[in-house]
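Let's take a walk through this protein together. Have the sequence and the 3D view handy, and we'll go from one spot to the next.

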Amino acid sequence: MQEELFIYNTLSRSKEKFTPIHKGMVGLYVCGPTVYSDVHLGNCRTFISFDLIYRYLLHLGFKVRYVRNITDAGHLEGDRDEGDDKFAKKAKLEQLEPMEIVQKYTVGFHDVMREFNALPPSIEPTATGHICEQIEMIKSIIEKGYAYEINGTVYFDVEKYNKEFPYGQLTNRKLEELLEGTRELSGQDEKRGRLDFALWIKAKPETLMKWLSPWGWGFPGWHIECSAMSSKYLGDTFDIHGGGMDLQATHHTNEIAQSQACNHKAPVNYWMHTNMLTVNGVRMSKSAGNGFLPGELFTGSHPLLEKGYQPMAVRFFMMQTHYRSTLDFSNEALQASEKGYARLMNSIKTLENLKTSSSSTSNIKELQKKCYEAMNDDFNAPILVANLFEGARIINSVNDGKETISADDLGLLKKLMHGFIFDVLGLKDENSLASNDKVLEGVMDIILDLRKEAKAKKDFAMSDKLRDELAKNRIMIKDTKEGVNWSIEQ
Ligand code: AMP
Ligand code: ZN
(Lines give C-alpha, C1' and ligand atoms only; values in the text may rest on other atoms or scores of the structure.)
(Ligands and ions follow the chains in the order given, each with its own letter.)
Protein backbone atom coordinates (compact mmCIF):
# COMPACT_ATOMS: atom_id res chain seq x y z
CA MET A 1 0.00 0.00 0.00
CA GLN A 2 3.02 2.27 0.47
CA GLU A 3 3.39 2.80 -3.28
CA GLU A 4 -0.10 4.24 -3.51
CA LEU A 5 0.34 7.42 -1.45
CA PHE A 6 -0.65 10.59 -3.33
CA ILE A 7 0.20 14.07 -2.07
CA TYR A 8 -1.16 17.40 -3.28
CA ASN A 9 1.88 19.43 -4.27
CA THR A 10 1.40 23.21 -4.06
CA LEU A 11 4.16 23.64 -6.64
CA SER A 12 2.46 21.63 -9.41
CA ARG A 13 -1.07 22.34 -8.12
CA SER A 14 -1.92 18.66 -8.48
CA LYS A 15 -1.91 15.38 -6.61
CA GLU A 16 1.29 13.49 -7.30
CA LYS A 17 2.33 9.96 -6.45
CA PHE A 18 4.76 10.17 -3.54
CA THR A 19 8.23 8.86 -4.37
CA PRO A 20 10.80 9.59 -1.67
CA ILE A 21 14.39 10.44 -2.66
CA HIS A 22 15.76 7.56 -0.58
CA LYS A 23 13.64 4.39 -0.59
CA GLY A 24 11.78 3.88 2.69
CA MET A 25 12.95 7.22 4.15
CA VAL A 26 11.31 10.63 4.26
CA GLY A 27 12.78 14.05 5.00
CA LEU A 28 10.01 16.32 6.34
CA TYR A 29 10.49 19.99 7.27
CA VAL A 30 7.73 22.08 8.84
CA CYS A 31 8.05 25.77 9.71
CA GLY A 32 7.64 25.95 13.45
CA PRO A 33 6.31 28.64 15.77
CA THR A 34 7.70 32.12 16.35
CA VAL A 35 8.12 31.94 20.10
CA TYR A 36 7.51 35.52 21.22
CA SER A 37 3.95 34.76 22.37
CA ASP A 38 1.59 31.84 23.06
CA VAL A 39 0.44 29.72 20.12
CA HIS A 40 -3.26 30.11 19.35
CA LEU A 41 -5.61 27.39 18.18
CA GLY A 42 -5.00 28.32 14.51
CA ASN A 43 -1.26 27.66 14.84
CA CYS A 44 -2.15 24.40 16.58
CA ARG A 45 -4.28 23.34 13.63
CA THR A 46 -1.28 23.54 11.31
CA PHE A 47 1.01 21.63 13.67
CA ILE A 48 -1.66 18.98 14.36
CA SER A 49 -2.25 18.55 10.61
CA PHE A 50 1.45 17.83 10.13
CA ASP A 51 1.37 15.52 13.14
CA LEU A 52 -1.28 13.48 11.30
CA ILE A 53 0.91 13.44 8.17
CA TYR A 54 4.00 12.43 10.18
CA ARG A 55 2.04 9.71 11.97
CA TYR A 56 0.65 8.27 8.75
CA LEU A 57 4.10 8.16 7.12
CA LEU A 58 5.37 6.30 10.20
CA HIS A 59 2.34 3.99 10.08
CA LEU A 60 3.22 3.11 6.47
CA GLY A 61 6.64 2.05 7.70
CA PHE A 62 8.74 4.99 6.48
CA LYS A 63 11.71 6.11 8.52
CA VAL A 64 10.96 9.82 8.84
CA ARG A 65 13.35 12.59 9.83
CA TYR A 66 10.92 15.28 10.92
CA VAL A 67 12.49 18.71 11.41
CA ARG A 68 10.36 21.50 12.89
CA ASN A 69 12.21 24.68 13.75
CA ILE A 70 11.75 27.22 16.50
CA THR A 71 11.94 30.82 15.25
CA ASP A 72 13.62 32.63 18.11
CA ALA A 73 15.24 35.57 16.30
CA GLY A 74 15.01 37.69 13.22
CA HIS A 75 11.28 38.14 12.99
CA LEU A 76 10.38 41.74 12.33
CA GLU A 77 6.87 43.07 12.66
CA GLY A 78 6.19 43.61 8.96
CA ASP A 79 6.92 41.40 5.96
CA ARG A 80 9.04 44.27 4.60
CA ASP A 81 12.10 43.93 6.83
CA GLU A 82 11.13 46.93 8.87
CA GLY A 83 9.60 47.65 12.26
CA ASP A 84 10.71 46.30 15.61
CA ASP A 85 12.09 42.88 16.35
CA LYS A 86 9.13 41.03 17.92
CA PHE A 87 11.31 39.37 20.56
CA ALA A 88 12.95 42.60 21.70
CA LYS A 89 9.59 44.35 21.83
CA LYS A 90 8.06 41.61 23.97
CA ALA A 91 11.15 41.46 26.18
CA LYS A 92 10.77 45.17 26.95
CA LEU A 93 7.05 44.74 27.59
CA GLU A 94 7.47 41.81 29.97
CA GLN A 95 10.74 43.17 31.40
CA LEU A 96 12.59 39.98 30.57
CA GLU A 97 15.67 39.04 28.60
CA PRO A 98 14.80 38.12 24.97
CA MET A 99 16.02 34.57 25.67
CA GLU A 100 13.67 34.38 28.68
CA ILE A 101 10.82 35.19 26.28
CA VAL A 102 12.05 32.46 23.94
CA GLN A 103 12.27 29.91 26.77
CA LYS A 104 8.89 30.81 28.23
CA TYR A 105 6.97 30.44 24.99
CA THR A 106 8.94 27.40 23.78
CA VAL A 107 8.01 25.56 26.99
CA GLY A 108 4.40 26.71 26.57
CA PHE A 109 4.34 25.46 22.97
CA HIS A 110 5.67 22.04 24.00
CA ASP A 111 3.06 21.78 26.77
CA VAL A 112 0.26 22.50 24.30
CA MET A 113 1.60 20.00 21.75
CA ARG A 114 1.72 17.36 24.50
CA GLU A 115 -1.89 18.11 25.49
CA PHE A 116 -2.91 17.52 21.88
CA ASN A 117 -0.89 14.29 21.81
CA ALA A 118 1.33 15.56 18.95
CA LEU A 119 4.56 13.60 18.56
CA PRO A 120 7.77 15.61 19.04
CA PRO A 121 9.82 16.15 15.86
CA SER A 122 13.10 14.28 15.34
CA ILE A 123 15.03 17.57 15.39
CA GLU A 124 13.85 20.95 16.67
CA PRO A 125 16.55 23.42 15.62
CA THR A 126 16.50 27.07 16.65
CA ALA A 127 17.43 30.08 14.51
CA THR A 128 19.79 31.42 17.21
CA GLY A 129 21.57 28.06 17.31
CA HIS A 130 22.33 28.24 13.58
CA ILE A 131 23.70 31.74 13.01
CA CYS A 132 26.96 30.41 11.48
CA GLU A 133 25.08 28.26 8.97
CA GLN A 134 22.93 31.25 7.98
CA ILE A 135 25.98 33.50 7.55
CA GLU A 136 27.68 30.83 5.39
CA MET A 137 24.60 30.52 3.20
CA ILE A 138 24.33 34.31 2.76
CA LYS A 139 28.03 34.46 1.82
CA SER A 140 27.46 31.79 -0.80
CA ILE A 141 24.41 33.61 -2.24
CA ILE A 142 26.48 36.83 -2.52
CA GLU A 143 29.34 34.92 -4.19
CA LYS A 144 26.93 33.49 -6.73
CA GLY A 145 25.71 37.00 -7.52
CA TYR A 146 22.16 36.93 -6.20
CA ALA A 147 22.60 39.20 -3.18
CA TYR A 148 24.26 42.52 -2.38
CA GLU A 149 25.28 44.39 0.74
CA ILE A 150 24.37 47.98 1.47
CA ASN A 151 25.54 49.60 4.69
CA GLY A 152 25.63 46.39 6.76
CA THR A 153 22.36 44.91 5.44
CA VAL A 154 22.33 42.16 2.80
CA TYR A 155 19.47 41.98 0.30
CA PHE A 156 18.42 39.21 -2.05
CA ASP A 157 18.22 40.46 -5.65
CA VAL A 158 14.83 39.16 -6.78
CA GLU A 159 14.84 40.62 -10.29
CA LYS A 160 18.26 39.18 -11.09
CA TYR A 161 17.19 35.79 -9.73
CA ASN A 162 13.99 35.89 -11.76
CA LYS A 163 15.97 36.18 -15.00
CA GLU A 164 17.07 32.57 -14.47
CA PHE A 165 14.49 31.02 -12.16
CA PRO A 166 10.73 31.68 -11.86
CA TYR A 167 10.56 33.58 -8.55
CA GLY A 168 6.76 33.43 -8.17
CA GLN A 169 6.38 29.76 -9.13
CA LEU A 170 4.94 28.58 -5.80
CA THR A 171 1.90 30.84 -6.07
CA ASN A 172 1.88 30.74 -9.90
CA ARG A 173 2.51 34.47 -10.26
CA LYS A 174 4.67 36.33 -12.76
CA LEU A 175 7.17 38.91 -11.53
CA GLU A 176 5.20 41.72 -13.20
CA GLU A 177 2.08 40.82 -11.21
CA LEU A 178 4.06 40.69 -7.99
CA LEU A 179 5.65 44.06 -8.73
CA GLU A 180 2.22 45.58 -9.33
CA GLY A 181 1.15 44.59 -5.85
CA THR A 182 4.18 46.17 -4.15
CA ARG A 183 4.68 49.81 -3.28
CA GLU A 184 7.26 51.93 -5.10
CA LEU A 185 10.63 52.37 -3.43
CA SER A 186 11.01 55.63 -1.57
CA GLY A 187 14.14 57.73 -1.19
CA GLN A 188 14.68 56.17 2.23
CA ASP A 189 14.88 52.62 0.88
CA GLU A 190 18.35 51.17 0.53
CA LYS A 191 17.40 48.16 -1.51
CA ARG A 192 17.58 48.17 -5.30
CA GLY A 193 14.43 46.32 -6.18
CA ARG A 194 10.92 46.57 -4.74
CA LEU A 195 10.70 42.82 -4.11
CA ASP A 196 14.23 42.44 -2.70
CA PHE A 197 14.20 41.07 0.85
CA ALA A 198 16.78 41.08 3.62
CA LEU A 199 19.00 38.08 4.29
CA TRP A 200 20.94 39.90 7.02
CA ILE A 201 19.85 43.04 8.84
CA LYS A 202 22.22 45.60 10.35
CA ALA A 203 21.73 46.04 14.09
CA LYS A 204 20.60 49.40 15.44
CA PRO A 205 22.26 50.69 18.63
CA GLU A 206 19.26 49.50 20.65
CA THR A 207 19.07 46.02 19.05
CA LEU A 208 19.27 43.40 21.81
CA MET A 209 19.83 40.20 19.83
CA LYS A 210 22.75 40.68 17.44
CA TRP A 211 25.71 38.73 16.11
CA LEU A 212 28.98 39.63 14.43
CA SER A 213 29.05 38.86 10.71
CA PRO A 214 31.24 39.75 7.71
CA TRP A 215 28.85 42.73 7.31
CA GLY A 216 29.15 43.91 10.91
CA TRP A 217 26.79 43.44 13.87
CA GLY A 218 23.32 42.34 12.87
CA PHE A 219 20.82 39.52 12.81
CA PRO A 220 19.43 37.16 10.15
CA GLY A 221 16.25 37.77 8.18
CA TRP A 222 13.40 35.36 8.91
CA HIS A 223 13.47 33.34 5.67
CA ILE A 224 17.15 32.38 5.67
CA GLU A 225 16.86 30.33 8.88
CA CYS A 226 14.59 27.73 7.27
CA SER A 227 16.78 27.43 4.16
CA ALA A 228 19.92 27.01 6.26
CA MET A 229 18.45 24.54 8.76
CA SER A 230 16.50 22.42 6.29
CA SER A 231 19.55 21.91 4.05
CA LYS A 232 21.77 21.21 7.07
CA TYR A 233 19.57 18.41 8.40
CA LEU A 234 17.79 17.12 5.28
CA GLY A 235 20.12 17.93 2.39
CA ASP A 236 20.03 20.40 -0.50
CA THR A 237 16.95 18.67 -1.92
CA PHE A 238 14.55 16.88 0.40
CA ASP A 239 11.10 15.30 0.20
CA ILE A 240 8.40 17.36 1.92
CA HIS A 241 8.25 20.95 3.19
CA GLY A 242 5.16 22.23 4.95
CA GLY A 243 3.55 25.09 6.77
CA GLY A 244 0.34 27.12 6.82
CA MET A 245 -0.78 28.46 3.44
CA ASP A 246 -0.21 32.05 4.62
CA LEU A 247 3.52 31.26 4.31
CA GLN A 248 3.39 30.47 0.56
CA ALA A 249 3.64 33.91 -1.00
CA THR A 250 6.55 35.33 0.99
CA HIS A 251 8.31 32.97 3.38
CA HIS A 252 8.31 29.84 1.23
CA THR A 253 8.75 31.73 -2.05
CA ASN A 254 11.86 33.33 -0.56
CA GLU A 255 13.08 30.02 0.87
CA ILE A 256 12.97 28.48 -2.61
CA ALA A 257 14.83 31.48 -4.10
CA GLN A 258 17.57 31.40 -1.41
CA SER A 259 18.18 27.66 -1.66
CA GLN A 260 18.03 27.58 -5.43
CA ALA A 261 20.43 30.55 -5.68
CA CYS A 262 22.84 28.92 -3.23
CA ASN A 263 22.75 25.29 -4.41
CA HIS A 264 21.39 25.55 -7.96
CA LYS A 265 18.88 22.86 -7.06
CA ALA A 266 15.19 22.96 -6.22
CA PRO A 267 15.17 22.44 -2.44
CA VAL A 268 11.89 20.56 -2.09
CA ASN A 269 10.04 17.88 -4.06
CA TYR A 270 6.60 18.23 -2.42
CA TRP A 271 5.34 21.50 -0.94
CA MET A 272 2.39 20.99 1.41
CA HIS A 273 0.22 23.77 2.83
CA THR A 274 -2.51 23.58 5.44
CA ASN A 275 -5.55 25.79 5.31
CA MET A 276 -6.60 28.21 8.02
CA LEU A 277 -8.70 27.89 11.12
CA THR A 278 -11.31 30.64 11.05
CA VAL A 279 -13.76 32.08 13.57
CA ASN A 280 -17.03 33.25 11.99
CA GLY A 281 -15.22 33.13 8.66
CA VAL A 282 -12.30 35.34 9.79
CA ARG A 283 -8.82 33.83 9.93
CA MET A 284 -7.67 33.27 13.50
CA SER A 285 -4.59 35.39 14.16
CA LYS A 286 -2.72 37.17 16.88
CA SER A 287 -3.40 40.53 15.28
CA ALA A 288 -7.15 40.00 14.61
CA GLY A 289 -7.72 39.47 18.34
CA ASN A 290 -9.78 36.32 17.73
CA GLY A 291 -6.94 33.95 18.57
CA PHE A 292 -7.96 32.11 21.66
CA LEU A 293 -5.43 29.96 23.40
CA PRO A 294 -5.67 26.19 23.83
CA GLY A 295 -5.74 26.68 27.62
CA GLU A 296 -8.82 28.91 27.29
CA LEU A 297 -10.45 26.26 25.13
CA PHE A 298 -9.84 23.49 27.67
CA THR A 299 -11.28 25.53 30.55
CA GLY A 300 -13.94 27.40 28.56
CA SER A 301 -12.58 30.76 29.80
CA HIS A 302 -13.11 32.81 26.63
CA PRO A 303 -16.24 34.83 25.73
CA LEU A 304 -16.62 32.87 22.47
CA LEU A 305 -16.81 29.56 24.31
CA GLU A 306 -19.97 28.08 25.80
CA LYS A 307 -17.93 25.60 27.87
CA GLY A 308 -14.55 23.87 28.09
CA TYR A 309 -13.58 21.09 25.67
CA GLN A 310 -11.21 18.16 26.20
CA PRO A 311 -8.02 18.27 24.08
CA MET A 312 -8.92 15.00 22.36
CA ALA A 313 -12.37 16.26 21.35
CA VAL A 314 -10.63 19.32 19.83
CA ARG A 315 -8.08 17.15 18.04
CA PHE A 316 -10.92 14.99 16.69
CA PHE A 317 -12.74 18.18 15.56
CA MET A 318 -9.65 19.06 13.50
CA MET A 319 -9.45 15.56 11.99
CA GLN A 320 -12.98 15.85 10.62
CA THR A 321 -11.98 18.45 8.03
CA HIS A 322 -9.37 17.90 5.32
CA TYR A 323 -6.15 19.81 5.98
CA ARG A 324 -6.51 21.79 2.72
CA SER A 325 -10.01 23.09 3.56
CA THR A 326 -10.73 25.94 5.93
CA LEU A 327 -12.06 24.88 9.30
CA ASP A 328 -14.50 27.23 10.98
CA PHE A 329 -14.61 27.15 14.72
CA SER A 330 -18.02 26.87 16.40
CA ASN A 331 -19.34 25.54 19.69
CA GLU A 332 -21.88 23.38 17.82
CA ALA A 333 -19.18 21.72 15.70
CA LEU A 334 -17.05 21.07 18.77
CA GLN A 335 -19.97 19.59 20.67
CA ALA A 336 -20.73 17.29 17.72
CA SER A 337 -17.05 16.24 17.76
CA GLU A 338 -17.26 15.49 21.48
CA LYS A 339 -20.10 13.06 20.75
CA GLY A 340 -18.30 11.49 17.79
CA TYR A 341 -15.11 11.06 19.81
CA ALA A 342 -17.06 9.41 22.65
CA ARG A 343 -18.74 7.08 20.12
CA LEU A 344 -15.36 5.92 18.80
CA MET A 345 -13.92 5.42 22.29
CA ASN A 346 -16.99 3.43 23.39
CA SER A 347 -16.72 1.22 20.32
CA ILE A 348 -13.08 0.44 21.24
CA LYS A 349 -14.25 -0.72 24.68
CA THR A 350 -17.09 -2.81 23.22
CA LEU A 351 -14.63 -4.33 20.74
CA GLU A 352 -12.76 -6.01 23.62
CA ASN A 353 -15.80 -8.10 24.62
CA LEU A 354 -17.23 -9.08 21.24
CA LYS A 355 -18.22 -12.72 20.76
CA THR A 356 -17.08 -14.36 17.53
CA SER A 357 -19.02 -16.63 15.16
CA SER A 358 -18.04 -18.95 12.33
CA SER A 359 -18.57 -16.22 9.71
CA SER A 360 -18.87 -12.44 9.34
CA THR A 361 -21.78 -10.45 7.99
CA SER A 362 -19.58 -7.43 7.14
CA ASN A 363 -16.53 -7.22 4.91
CA ILE A 364 -13.75 -6.07 7.26
CA LYS A 365 -11.01 -6.39 4.63
CA GLU A 366 -12.97 -4.00 2.42
CA LEU A 367 -13.29 -1.56 5.31
CA GLN A 368 -9.54 -1.70 5.90
CA LYS A 369 -8.93 -1.06 2.20
CA LYS A 370 -11.18 2.02 2.31
CA CYS A 371 -9.30 3.41 5.32
CA TYR A 372 -5.98 3.17 3.46
CA GLU A 373 -7.51 4.54 0.28
CA ALA A 374 -8.71 7.60 2.19
CA MET A 375 -5.34 8.33 3.75
CA ASN A 376 -3.44 7.55 0.55
CA ASP A 377 -5.56 10.16 -1.19
CA ASP A 378 -3.63 13.16 0.19
CA PHE A 379 -4.22 12.26 3.86
CA ASN A 380 -8.01 12.47 3.69
CA ALA A 381 -8.77 12.15 7.40
CA PRO A 382 -12.51 13.02 7.18
CA ILE A 383 -13.12 10.04 4.86
CA LEU A 384 -11.03 7.89 7.20
CA VAL A 385 -13.22 9.03 10.12
CA ALA A 386 -16.38 8.13 8.17
CA ASN A 387 -14.97 4.61 7.67
CA LEU A 388 -14.07 4.35 11.35
CA PHE A 389 -17.66 5.27 12.23
CA GLU A 390 -18.72 2.40 9.96
CA GLY A 391 -16.38 0.20 12.02
CA ALA A 392 -18.06 1.47 15.20
CA ARG A 393 -21.48 0.65 13.70
CA ILE A 394 -20.39 -2.92 12.92
CA ILE A 395 -19.02 -3.34 16.46
CA ASN A 396 -22.30 -2.18 18.02
CA SER A 397 -24.36 -4.39 15.67
CA VAL A 398 -22.33 -7.48 16.54
CA ASN A 399 -22.61 -6.60 20.21
CA ASP A 400 -26.40 -6.31 19.88
CA GLY A 401 -26.55 -9.71 18.15
CA LYS A 402 -27.74 -8.20 14.86
CA GLU A 403 -24.55 -9.09 12.99
CA THR A 404 -21.77 -11.68 13.35
CA ILE A 405 -17.99 -11.58 13.08
CA SER A 406 -15.40 -14.35 12.66
CA ALA A 407 -12.32 -14.62 14.90
CA ASP A 408 -10.00 -13.65 12.02
CA ASP A 409 -12.10 -10.62 11.12
CA LEU A 410 -12.29 -9.57 14.76
CA GLY A 411 -8.48 -9.58 14.88
CA LEU A 412 -8.37 -7.48 11.72
CA LEU A 413 -11.02 -5.07 13.01
CA LYS A 414 -9.10 -4.57 16.27
CA LYS A 415 -5.87 -3.89 14.39
CA LEU A 416 -7.63 -1.48 12.07
CA MET A 417 -9.53 0.46 14.74
CA HIS A 418 -6.55 0.69 17.11
CA GLY A 419 -4.05 1.48 14.36
CA PHE A 420 -6.06 4.26 12.74
CA ILE A 421 -7.66 5.78 15.84
CA PHE A 422 -4.64 5.81 18.16
CA ASP A 423 -1.54 5.66 15.91
CA VAL A 424 -2.72 7.62 12.86
CA LEU A 425 -5.36 10.06 14.14
CA GLY A 426 -3.33 10.36 17.34
CA LEU A 427 -6.32 10.17 19.66
CA LYS A 428 -6.07 8.72 23.14
CA ASP A 429 -8.82 7.68 25.50
CA GLU A 430 -9.00 10.54 27.97
CA ASN A 431 -11.66 8.78 29.99
CA SER A 432 -9.50 5.71 30.37
CA LEU A 433 -7.00 7.98 32.12
CA ALA A 434 -9.78 8.64 34.61
CA SER A 435 -10.33 4.88 34.83
CA ASN A 436 -6.60 4.48 35.59
CA ASP A 437 -7.23 6.70 38.59
CA LYS A 438 -9.93 4.26 39.66
CA VAL A 439 -7.45 1.38 39.36
CA LEU A 440 -5.05 3.30 41.60
CA GLU A 441 -7.80 3.90 44.12
CA GLY A 442 -8.55 0.15 44.19
CA VAL A 443 -4.87 -0.73 44.69
CA MET A 444 -4.55 1.84 47.50
CA ASP A 445 -7.60 0.34 49.26
CA ILE A 446 -5.87 -3.07 49.21
CA ILE A 447 -2.56 -1.66 50.55
CA LEU A 448 -4.26 0.35 53.29
CA ASP A 449 -6.23 -2.72 54.37
CA LEU A 450 -2.98 -4.71 54.61
CA ARG A 451 -1.47 -1.93 56.71
CA LYS A 452 -4.50 -1.91 58.98
CA GLU A 453 -4.19 -5.69 59.47
CA ALA A 454 -0.45 -5.37 60.19
CA LYS A 455 -1.16 -2.71 62.83
CA ALA A 456 -3.88 -4.86 64.41
CA LYS A 457 -1.32 -7.69 64.70
CA LYS A 458 1.18 -5.17 66.15
CA ASP A 459 3.45 -5.82 63.16
CA PHE A 460 4.68 -2.22 63.14
CA ALA A 461 7.74 -3.07 61.03
CA MET A 462 5.38 -4.08 58.20
CA SER A 463 3.02 -1.11 58.59
CA ASP A 464 5.98 1.34 58.58
CA LYS A 465 7.51 -0.41 55.59
CA LEU A 466 4.29 -0.02 53.61
CA ARG A 467 4.14 3.69 54.52
CA ASP A 468 7.82 4.30 53.63
CA GLU A 469 7.68 2.39 50.34
CA LEU A 470 4.61 4.35 49.30
CA ALA A 471 6.39 7.61 50.22
CA LYS A 472 9.31 6.63 47.99
CA ASN A 473 6.75 6.54 45.16
CA ARG A 474 5.39 9.99 46.13
CA ILE A 475 2.24 8.54 47.74
CA MET A 476 1.92 10.10 51.18
CA ILE A 477 -0.37 8.59 53.79
CA LYS A 478 -1.68 10.32 56.86
CA ASP A 479 -3.46 8.74 59.85
CA THR A 480 -6.41 10.83 60.99
CA LYS A 481 -9.25 10.28 63.48
CA GLU A 482 -11.58 9.51 60.58
CA GLY A 483 -9.23 6.96 59.00
CA VAL A 484 -6.26 7.04 56.63
CA ASN A 485 -5.90 9.73 53.94
CA TRP A 486 -3.55 9.44 51.00
CA SER A 487 -2.35 11.86 48.36
CA ILE A 488 0.22 12.03 45.55
CA GLU A 489 2.95 14.56 46.26
CA GLN A 490 3.40 16.86 43.22
P1 AMP B 1 3.72 31.73 13.44
O2 AMP B 1 4.08 31.36 14.85
O3 AMP B 1 2.90 32.98 13.36
O4 AMP B 1 4.95 31.77 12.54
O5 AMP B 1 2.78 30.59 12.87
C6 AMP B 1 3.05 29.22 13.01
C7 AMP B 1 2.27 28.42 11.99
O8 AMP B 1 0.85 28.58 12.20
C9 AMP B 1 2.52 28.82 10.54
O10 AMP B 1 2.69 27.63 9.77
C11 AMP B 1 1.25 29.55 10.13
O12 AMP B 1 1.01 29.40 8.76
C13 AMP B 1 0.22 28.81 10.95
N14 AMP B 1 -1.03 29.58 11.18
C15 AMP B 1 -1.15 30.87 11.57
N16 AMP B 1 -2.46 31.22 11.68
C17 AMP B 1 -3.18 30.11 11.38
C18 AMP B 1 -4.60 29.81 11.32
N19 AMP B 1 -5.53 30.72 11.61
N20 AMP B 1 -4.96 28.55 10.96
C21 AMP B 1 -4.03 27.60 10.68
N22 AMP B 1 -2.70 27.82 10.72
C23 AMP B 1 -2.27 29.06 11.06
ZN1 ZN C 1 10.09 28.51 7.64
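Start at L427 and look at what surrounds it in this predicted model. Leaving aside its neighbours within four places in sequence, L427 is in contact with N117, M312, R315, F316, Y341, M345, I421 and F422. To find L427 itself, go to the loop between α14 (407-424) and α15 (430-456). Is L427 buried or exposed? Its relative accessibility comes to 1%, and since buried means under 20%, L427 counts as buried. For a sense of distance, pick out F238 as well: it sits 189 residues from L427 along the chain, and the C-alpha atoms of the two are separated by 29 Å.

Now zoom out to the whole chain. It has 490 residues, and buried ones make up 50% of them. Trace the ribbon and you'll come across 16 helices and 16 strands. If you drew a box around the C-alpha atoms along the principal axes, it would be roughly 90 × 60 × 45 Å. How do the contacts run along the sequence? Take those between residues at least 6 apart: 74% of them join residues at least 24 apart. On the outside, the accessible surface comes to about 23,100 Å², with 50% of that belonging to carbon and sulfur atoms. As for charge, the chain carries 60 positive and 68 negative charges, and the mean positions of the two sets are 3 Å apart.

Next, find the zinc ion (ligand 2). Which protein atoms act as its donors? They are SG of C31, SG of C226 and NE2 of H251, lying 2.0 to 2.1 Å from the zinc ion. Written as a spacing along the sequence, these donor residues read C-x194-C-x24-H. C31 and H251 link distant parts of the chain, being 220 residues apart: C31 is in the loop between β3 (25-30) and α1 (41-59), while H251 belongs to helix α8 (residues 248-263). C31 counts as buried because its relative accessibility is 6%, and H251 counts as buried too, at 1%.

From C226, step along to S227, which lies in helix α7 (residues 222-234). S227 has 1% relative accessibility, so it counts as buried. Its side chain is joined to that of Q258 by a polar contact of 2.8 Å. Once neighbours within four places in sequence are set aside, the residues in contact with S227 are M137, E255, Q258 and S259.

Let's finish with three asparagines. N346 is found in helix α11 (residues 331-352), and with a relative accessible area of 44% it is partly exposed. Its C-alpha atom is separated by 38 Å from that of S14, which is 332 residues away along the chain.

N151 is worth a look for its backbone: its phi is positive, about 55°, although N151 is not a glycine. You'll find N151 in the loop between β5 (147-150) and β6 (153-156), and it is exposed, with a relative accessible area of 52%. Then there's N172, in the loop between α5 (158-164) and α6 (175-180). N172 isn't a glycine either, and it has a positive phi of about 60°. At 52% relative accessibility, N172 counts as exposed.

Conventions: Residues are numbered from 1 along each chain as its sequence is written. Chains are lettered from A and ligands numbered from 1 in the order in which they are written. This is a predicted model: local features need pLDDT of at least 70, side-chain atom pairs count only at pLDDT 80 or more; totals for chains, interfaces and linings use all residues. Side-chain values use heavy atoms; hydrogens and water are left out. Helices (H or I, at least four residues) and strands (E, at least two) are DSSP runs, numbered from the N terminus. Buried means under 20% relative accessible area, exposed over 50%, partly exposed in between (1.4 Å probe, protein chains only). A polar contact is a pair of N or O atoms within 3.5 Å; within protein, one must be able to donate a hydrogen and the other to accept it, and residues adjacent in sequence count only if both atoms are side-chain atoms. Contact means heavy atoms within 4.5 Å. Accessible areas come from the Shrake-Rupley method with a 1.4 Å probe; for residues, only the protein chains shown count as cover. Lys and Arg count as positive and Asp and Glu as negative; His and the chain ends are not counted. The place of a charge is taken as NZ of Lys, CZ of Arg, CG of Asp or CD of Glu. Donors are N, O and S atoms within 2.8 Å of the metal (3.2 Å for Na, K and Ca); water is not among the atoms, so sites may look incomplete.
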